[in-house]
Structures are given as structure tokens and as C-alpha cells.
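Biologist: Please take one helix of this model and go through it closely. I would like to know which of its residues are buried and what they pack against.

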Amino acid sequence: MNESIYEKLPQNFLKYELNKIESGASNKIIFRLNKNKKNYILIDFKKDKKEYKKHIKIFNLLKDINISIPRIINKDDKNQILICEDFGDIRYDKILNKYSAKDLLTYAVDTLVVINNSIKYNKNYQLEQYNFKTFNSEIIELPDYYFPYIKLDNFNLKKEFMFIWLEAFENFDFKFNSFIHKDFNINNLFFIPSKKKHLKCGVIDFQSAFWGESSWDLFSLLEDSRMLFTDKFNEELITYFFNKIKINSSFSDFKMKYYFLNCSRQTRLLGRWVKLSKELNQDSYLKYIPVTLKRLEKSLDMLNNKNLSLFYKTYILK
């Protein structure tokens, strides 16, 4: 594989050493280029040309606002290959227990504030907009994959589950007009000590951005399902974020949307972990289920929706 990549490298990178980087369930193939202590990241999008175009489009939206994203050093549209700035190995999920978690999370939240206040809804950007159809297609992953996993394969329960979620969804006046990174998780954030303030938080994997509710990236960060880290700063950071962004909403409405959408996200992830473990034949995804259940249960309690709580505590959280 390395040989085929070398054939596509620009002349000035031919003498760099190539080392593959694990990319999980992503279609991207990622390498680190290294020579004389100079490092770059090579991203090969050949398995998904649409993702390449999306990455370039979102990069052009983000590059001129005051946040840290990897600069593109070289762009090969013919082969769908990017060579980008390397943020190093100090990834948030690897260091939350070694540095001040509050500082790291605050850098990330401040980055979200800048994004939220800098990019306003614009149809000309041609980003997908979240809606009930998307919501429905996501939460159905729980009855489709997680129900069978816990031996709860019951069609009537699936109908009840979907009805309760529809009823709950209709209680909110969703706008879905804020720029959302979508995967603002700690494994996509890097600590960059040499920079100042929120620029210490480097952000990658933004190609799936869409228009959604302003709280989405915040709960992606604070309620990450891959790692159970401290949540003692959550309420403070939720309030901090709300007070910093420009939003026409009450704080109570904002918080209820936060907990509702986080419940739906954790719900989808329960199904997604089972789905990925089967499709990729990797049981390692199942290790995220206990953390996801804890994140789900907490938000469900905060949401205080009787029908949802009863269903989950009867069948999922028992």
C-alpha cells in the first residue's frame, strides 16, 4: 500500500518516511510523513471521493475564523489526497487524566463559541440540515441492532419505542440552524501547548458538518461515549457556553434540547456499537456500551420525560 501512495506524492515529499495511522471505522487512510523531525499528515480519501469534497468545502468555511484546524500543505484533487499540518500525538482522549481536564475542556468550549458566533446559517453553503427524518433514521439503530443484542427482539416494542420518541420530539421547537462539526469528540481534538488560549485546542475531522441545534457539539464533547471522564464541570461549561453564544432562546429551553438530543445520540450509539462490531468483526466496539449507558441514564434523568424514562428503565437500563 505504501508503494502506491509514494507514486502519488509530490516531488518534495518523496524522501519522507510514511507510517500508517489507525483511523478506526473511517474510510480515510491516514499516514504520518516524517523527515528530519518535520512531520505532516497525509489523508487518502480514495475510498470516498464525496468525503474529500466535503472536507475541502468545510475547510474553506473554517480556515478564516479564529480556531486551530490543520493547514492544507498540498492538495491533489485528481487522487483525492491531502497533505496537512500535523498537530502531533497529544490527543485529548490520551491526556485528559494527565492535564487539567477543566482547562482542556474550556479550550474546546471556547473554540465552539467562536465557531457558533462566526458561522451563521446560510443555504448557499449547501450543508445538510438536520430534521426529523434524520433523527428517526438514527434512533432506529437501537431497536434494529441493540434490541437483538440484549435478546429484546419484539416488533411491538419497536413501534412503542418509535412512538414515544416521536411524541417527545414534537414537544420541542427545533431550529437546526447552527453550524455543527458533528464529531466534536475528544479523539478529534488535540492539545497544542505552543498556542494561546482556545487555539491550544486543535480540531480535525470536520467533513461531516451540518446545520443543527447549537448544543450538539457541546454534548458531543462533554458526553463522549468512548471514555468516561469527569463530568463535574458539565453544568458550569453548559452555562458558560450559553452565555457566550448569540442565541434567541431561554437557558432552560437550551438545556432541555441539550439533554434530549444527547439522549437520542447515546440511544443511536448503543445500536451503532453493536452494528460496527458485526460489520467490522471487531468486538472492541462493544466496550463502549457501559459508558454510553451511563451517559444516557444521566441525561434521561435530567430530561425528566416520564414516558422515555419508563421505557428505558424497563427495557434498557434495568
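Modeller: In helix α7, the buried residues are Leu157, Phe161, Met162, Ile164, Trp165, Ala168 and Phe169; buried means under 20% relative accessible area, exposed over 50%, and partly exposed in between, with a 1.4 Å probe and protein chains only. Seen down the axis of α7, these buried residues fall within an arc of 160°, so they line one face of the helix; the arc is that of the directions from the helix axis to the C-beta atoms. On the other side of α7, Phe155, Asn156 and Phe163 are exposed.

This is a predicted model, in which local features need pLDDT of at least 70, side-chain atom pairs count only at pLDDT 80 or more, and totals for chains, interfaces and linings use all residues. Residues are numbered from 1 along each chain as its sequence is written, and side-chain values use heavy atoms, with hydrogens and water left out.

The helix itself covers residues 155-169, and its 15 residues reach 21 Å from first C-alpha to last, close to the 21 Å expected at 1.5 Å a residue (the expected span is 1.5 Å times one less than the number of residues). Helices (H or I, at least four residues) and strands (E, at least two) are DSSP runs, numbered from the N terminus.

The buried residues of α7 pack against α5 (132-139), α6 (141-149), α10 (251-279) and α12 (306-315), where contact means heavy atoms within 4.5 Å. At the start of α7, the backbone nitrogen of asparagine 156 has a side-chain oxygen of asparagine 154 within 2.9 Å.

Key: Polar contact = N/O pair within 3.5 Å; in protein donor to acceptor, adjacent residues only side chain to side chain.
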